[in-house]
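Reader: I would like to learn how to read burial, overall form and surface features from a model. Could we take them one after another?

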Amino acid sequence: MNWCWLAANVVLGLHMALLAGVSIGVVAAALGILSRYPSLALGFWVTLLITALWQPLPSCALTDI
């Protein structure tokens, strides 16, 4: 396995983790679970905002990095 495959697998893993985190966070926010953890809620909302703002761009932030 060369470094290109390793980098591609890392980026794929980050995409999957971001999708899972945002999906779980939306459910947790809707149920009010995040209100008990303000620092976790702040991290979730910032991540969700950045992800939503990046959608109109032609490329993904994780892939660009």
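Reader: What share of the 65 residues in the chain is buried?

Author: In this predicted model, a residue counts as buried when its relative accessible area is under 20%, and such residues make up 9% of the 65 in the chain. The chain exposes about 5,200 Å², of which carbon and sulfur atoms supply 78%.

Reader: What radius of gyration does the chain have, and what would a compact globule of 65 residues have?

Author: The chain has 14 Å, whereas a compact globule of 65 residues would have a value near 11 Å. Along the principal axes, the C-alpha atoms fill a box of roughly 45 × 25 × 15 Å. As for secondary structure, there are 3 helices and 0 strands, and the pattern read along the sequence is α-α-α.

Reader: Which residues make the nonpolar surface patch?

Author: Residues enter a patch only with over 30% relative accessible area; here Val27, Leu31, Ile33, Tyr37 and Leu40 make a nonpolar patch of about 490 Å². Leu31, which is found in helix α1 (residues 3-31), counts as exposed because its relative accessible area is 62%, and the cut-off for that class is over 50%.

Reader: How many aromatic pairs does a search of the whole structure find?

Author: The search finds 1 aromatic pair. Phe44 and Trp45 form it, with 4.8 Å centre to centre and 65° between the planes, and planes over 60 degrees apart count as edge-to-face.

Reader: Is Phe44 buried or exposed?

Author: Phe44 counts as buried because its relative accessibility is 10%, while Trp45, at 47%, counts as partly exposed.

How values were computed: Residues numbered from 1 in each chain as written. Predicted model: local features only at pLDDT ≥ 70, side-chain atom pairs only at ≥ 80, totals over all residues. Heavy atoms only, no water. Patch = residues over 30% accessible without salt bridge, like charges linked within 9 Å, V, L, I, M, F, W, Y side chains within 5 Å. Areas by Shrake-Rupley, 256 points an atom, 1.4 Å probe, with all protein chains shown as cover. Salt bridge = Lys/Arg side-chain N within 4 Å of Asp/Glu carboxyl O. Helix = DSSP H or I, 4+ residues; strand = E, 2+ residues; numbered from the N terminus. Buried < 20%, exposed > 50% of the residue type's maximum accessible area, 1.4 Å probe, protein only. Rg over C-alpha atoms; globule rule 2.2 N^0.38 Å. Phe/Tyr/Trp six-rings, centres within 6.5 Å; stacked < 30°, edge-to-face > 60°.
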